[in-house]
Amino acid sequence: MMNKFILLPLCICSVLPGIPFLSAFAQEAAVEEQVTEITSDKLFFDYEEKKAIFTGNVVVTDPDLQLTADKLVVTMTPEDEIDRLDAEGNVEIKMEGLHSRSGKAVYTLGDSKVVLTDGPQVSREGSVMTAEEITYWRLENRMEAFPRARVIMFREPGSE
Amino acid sequence: MAQIRILPRIFSRGTRGIVLCGWFLCSLPLGAQTDVANFKVPDIDENGVMLSMLTGGSAKMFPQKPMQITKLRIDFFESDGKTVKMKIVSPFCNYDPRGGVATSEDRIRIDSPEFTITGKGYIFESGNSRIEIKNDVKVILRNLSLKTSKSPKESNDE
């Protein structure tokens, strides 16, 4: 009888073969009117510092990802384009079949990289990954977790 | 990179509108209280093109106190001087022309083809280009992809 949990200490590179197609299809369908919504209790915007700071019950709803956090800092480039998102406090992100929880998350749009720290865990299709830091490259569907990476795989009761 | 030059426009042009409003209202003769109703403050460039139009239902000015503006609306125009590029609406605000600070506990709505921002209660510091919306913030960004740094339109064009 196999154990319910299989613990694998590892540094992982993960590929999600079906997801890119589905994601591309969804994006194509949404091209006509793609809306990103950010709600929060407060917003502070400092143009000279190129920062927009959302605090309290922050929710980002986008066709490509959903994010909730206590605080979200949007930093812009000198050209006034979005450069990165820094989320803090009870951060949850859902994207491409992944569901992450962490204390902090940094998303840089230039390389579509998400770095999760402060007790991160990522769930996907019956497995949970934890580590001190988990990095996910969205365009490449690649993930790296270290140090102390651990994956817990859940199996259906009675399955071989 | 995504073409999302959004909030800066509020400041680069919104600041100018608010400052113009302050200048216009301060230039009126002051008694104990001066009231102005249904005022309009156009901002026209050297070529005669309308850059923005600030309108208000009323403005009350008090000595040594912030003025009170109702039904504030600022329209910002495209280079043709006619097409509205962005619109800011608030039912009420206090404006202190000395510090260039507009405050309100009322709602604010900022609209453009690319985004809509709404909230309740705000502090707008025109001097250092800061705005704080204190409650119920909602920002809607249109045609921005958070998956890449490019908007869907840009990605398709390639």
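What follows is a short conversation about a predicted model with chains A and B.

Biologist: Happy to look at this with you! Which chain has 13 strands?

Modeller: Chain B has 2 helices and 7 strands. The other chain comes to 1 helix and 13 strands. That one is chain A.

Biologist: How much of chain B counts as buried?

Modeller: In chain A, buried residues make up 26% of the 160 residues. Chain B has 158 residues, and the buried share there is 32%.

Biologist: Before we go into detail, which stretch of chain A has pLDDT below 50?

Modeller: Good thing to check! The mean pLDDT of chain A is 80, with 78% of its residues at 70 or more. The stretch you ask about still has 45 contacts in the model beyond near neighbours in sequence. Where pLDDT is low, though, the predicted coordinates should not be read in detail. The stretch is residues 1-31.

Biologist: Thanks, I'll bear that in mind. Which strand gives the most to the largest nonpolar core?

Modeller: That core has 58 residues, and A:Phe54, A:Leu72, A:Ala87, A:Ala105 and A:Ile134 have the most contacts inside it. The strand in question lies in chain A, covers residues 82-95 and gives 6 residues. It is strand E6.

Biologist: Let's follow A:Ile134. Which residues of strand E11 point to the other face from A:Ile134?

Modeller: In a regular strand the side chains alternate between the two faces of the sheet. Strand E11 of chain A, residues 133-137, shows this alternation, with A:Ile134 and A:Tyr136 buried on one face. Away from sequence neighbours up to four places off, A:Ile134 touches residues including A:Leu116, A:Val122 and A:Met143. The residues pointing to the other face, which are not buried, are A:Glu133, A:Thr135 and A:Trp137.

Biologist: Lovely. And which residue stands opposite A:Tyr136?

Modeller: Strand E8 of chain A, residues 113-117, runs antiparallel to E11(A), and 5 bridges join them. The residue opposite A:Tyr136 in E11(A) is A:Val114.

Biologist: What is the bridge partner of A:Trp137?

Modeller: Here we turn to strand E12 of chain A, residues 142-146, which pairs with E11(A) in the antiparallel sense over 5 bridges. In E12(A), the partner of A:Trp137 is A:Arg142.

Biologist: One last thing: which residue in the turn of that hairpin has a positive phi?

Modeller: A nice detail to end on! E11(A) and E12(A) form the hairpin, with 4 residues between them. The phi in question is about 50°, and the residue is A:Asn141.

How values were computed. Residues are numbered from 1 along each chain as its sequence is written. Chains are lettered from A and ligands numbered from 1 in the order in which they are written. A nonpolar core is a set of buried Ala, Val, Leu, Ile, Met, Phe, Trp, Tyr and Cys residues joined through C-beta atoms within 7 Å. A residue is buried if 20 or more other C-beta atoms lie within 10 Å of its own, exposed if 12 or fewer, and partly exposed in between; C-beta atoms are placed from the backbone. Two residues are in contact if their C-beta atoms, placed from the backbone, lie within 7 Å. Two strands pair if DSSP finds at least two bridges between them. pLDDT is the predictor's confidence in each residue, from 0 to 100.
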